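Subject: Structure handover

Hi,

Here is the structure I promised to pass on. Have a look at it first, and then read my notes below.

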Amino acid sequence: MTPVSSHSPHGQSPLRTVQVLGGGNARSSAHVRSLASGLVARGVRVTVCAPVEADRTYDFSGAGAEHVHVPRSSDPGAVAALRAACADADLVHAHGLHASFRAVLALSGRRTPLVVTWHDRAHAEGARAHLVRLLERRVVKAASVVLGASSTLVDRARATGARDARLAAVALPGVRKAVRLEDPDRPRPKVRAELGATGRPLLMAVGSLDSHRGYDTLLDASRAWRELDPVPLVVIVGEGPLRAELQGRIEDEGLPVRLIGRRDDAAQLLAAADLALLSSSWESRSVLAQEALHARVPLVATDVGSMPELVGDAAELVPYGDAEALADTVVRLLGDPERCDELRAKGVRQAATWPSEDETVAQVLSVYDELTQPRPLV
């Protein structure tokens, strides 16, 4: 790895960065925890501004960072608290749209460089979608650099008006190592028995119960699987506003689907599945897709957003909203163990191309140095 500087612009003290989180996104919170640990190890002073409950969950202090409680955006004191925390920062790095917008407000009138990372696209409809676009424009025009976790996010930032938008693929912190199917220590039978999938295929989906996840299409597809013998069980891990609606359909239509809510062991449950399913309308660097490939679980996903870029040829991709294509692809894979083995092998190779946590930290720090080191006078 190429050495990178961690000095302040004046070379007299360590670089001080402030990482800003909204507090609600697990992906960005885990990334900031990993980033903080790597930056501190390289001599950078790190302050993480996030709600106190985020620090309890991700232990930013345990990574060597200073944690400053900044309430969620709905709190009127959030911007003032953030402005105070950024008072002597050499650089501010905000993660996600709402955290970035608060950082823009907090830095108003200051020349502190602002780096913004977009981990995903904000999902909104109607009037709220217009508001989201306005926030995006305000953020990208104020940011010194916008880092996108996928090329589609980089393109979106550029189209929105970013003066400098770059690809900075984010590592999945703490991802489980690939587990071989013949590994005797793998708790597969126990997990499958707990879920009610003994003697039948287990299909796993993980994600919040929101409209953009496409679970209505997944339920439509599950009707076809009732004709199989044995009937596969679809387990959906996650919680959200559509729970009652989805549960109603499952019961009314007699669908072989279980909603099991949030689980801290989602990765372990996924590793016990025969197939992983992703039916979203849009994805950036999907955690489910990454964990499935690492765990050697064949993946069927929608051909949307950055999914083709992320998985390459290591997954079966189907059109969004096409229940028939999803159903047929699952049936085909369940009857074709050789294709499943091929996808497992390709998944391991594809996962090896993704950035490590060290590579992610090194790239981010090179951006920090670029923005804070003094330039020679010409």
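**Helix α13 and what surrounds it**

Helix α13 covers residues 323-334, so to speak a 12-residue run, and spans 17 Å from first C-alpha to last, close to the 16 Å expected at 1.5 Å a residue. Keep in mind that this is a predicted model.

Which residues of α13 are buried? They are A323, A325, L326, A327, T329, V330 and L333. An α-helix has 3.6 residues a turn, so residues three or four places apart point the same way. With that in mind, look at what lies over the buried positions of α13: the cover includes β8 (202-206), α8 (215-225), β11 (275-278), β12 (299-302), β13 (316-318) and α14 (337-351). At the start of the helix, D322 puts a side-chain oxygen within 3.3 Å of the backbone nitrogen of E324.

**The six-stranded sheet**

Several of those strands belong to an open sheet of 6 strands, ordered β10-β9-β8-β11-β12-β13 and paired in parallel. β10 (257-259) and β13 are the edge strands, each pairing on one side only. From one strand to the next, the twist averages 20°. α13 packs on this sheet, where it touches β8, β11, β12 and β13, and its direction makes about 160° with that of β13.

At the β13 edge, β12 and β13 run parallel and are joined by 3 bridges. If you want a pair to click on, T302 has V318 in β13 as its bridge partner.

Now for strand β9 (residues 233-237). How many of its residues are buried? The count is 5 of 5. In a regular strand the side chains alternate between the two faces of the sheet. Here L233, V235 and V237 sit on one side of β9, V234 and I236 sit on the other, and all are buried, so that both faces are covered.

β9 has a partner on either side that is worth tracing:

- β8 pairs with β9 in the parallel sense over 5 bridges, and A205 stands opposite I236 in β9. Between these two strands the chain passes through α8, in a right-handed β-α-β crossover.
- β10 pairs with β9, also in the parallel sense, over 3 bridges, and the bridge partner of V235 in β10 is R258. Together, β9, helix α9 (residues 243-253) and β10 make a right-handed β-α-β unit.

**The seven-stranded sheet**

There is also an open sheet of 7 strands with parallel pairing, in the order β3-β2-β1-β4-β5-β6-β7. Its edge strands are β3 and β7 (165-167), each of which pairs on one side only. The twist here averages 20° from one strand to the next.

Starting from the β3 edge, strand β2 (residues 45-50) and strand β3 (residues 66-69) pair in parallel over 4 bridges. T47 has E66 in β3 as its bridge partner. To get from β2 to β3 the chain goes through helix α2 (residues 52-58), and this β-α-β crossover is right-handed.

At the other edge, strand β6 (residues 145-148) runs parallel to β7, with 3 bridges between them. V146 is the residue opposite A165 in β7. Two helices that pack on this sheet are worth a look. Helix α3 (residues 78-85) touches β1 (16-21), β2 and β3, with its direction at about 165° to that of β1. Helix α15 (residues 357-372) touches β1, β4 (91-95), β5 (114-118), β6 and β7, and its direction makes about 140° with that of β4.

**A closer look at H93**

One residue to zoom in on is H93, which lies in strand β4. Is H93 buried or exposed? Its relative accessibility is 0%, and therefore H93 counts as buried. Its side chain makes a polar contact of 2.5 Å with the side chain of Y368. Apart from neighbours within four places in sequence, H93 is in contact with V18, Q19, V20, L35, V115, V116, T117, L147, V364 and Y368.

That's the tour; over to you.

Cheers

Methods:
Residues are numbered from 1 along each chain as its sequence is written. This is a predicted model: local features need pLDDT of at least 70, side-chain atom pairs count only at pLDDT 80 or more; totals for chains, interfaces and linings use all residues. Side-chain values use heavy atoms; hydrogens and water are left out. Two strands pair if DSSP finds at least two bridges between them. A crossover is right-handed if, with the strands pointing away from the viewer, the path from the first strand over the helix to the second runs clockwise. The expected span of a helix is 1.5 Å times one less than its number of residues. Buried means under 20% relative accessible area, exposed over 50%, partly exposed in between (1.4 Å probe, protein chains only). Contact means heavy atoms within 4.5 Å. A polar contact is a pair of N or O atoms within 3.5 Å; within protein, one must be able to donate a hydrogen and the other to accept it, and residues adjacent in sequence count only if both atoms are side-chain atoms. Axes are lines fitted to C-alpha atoms, for helices over the stretch in contact, and angles run from 0 to 180 degrees between N-to-C directions.
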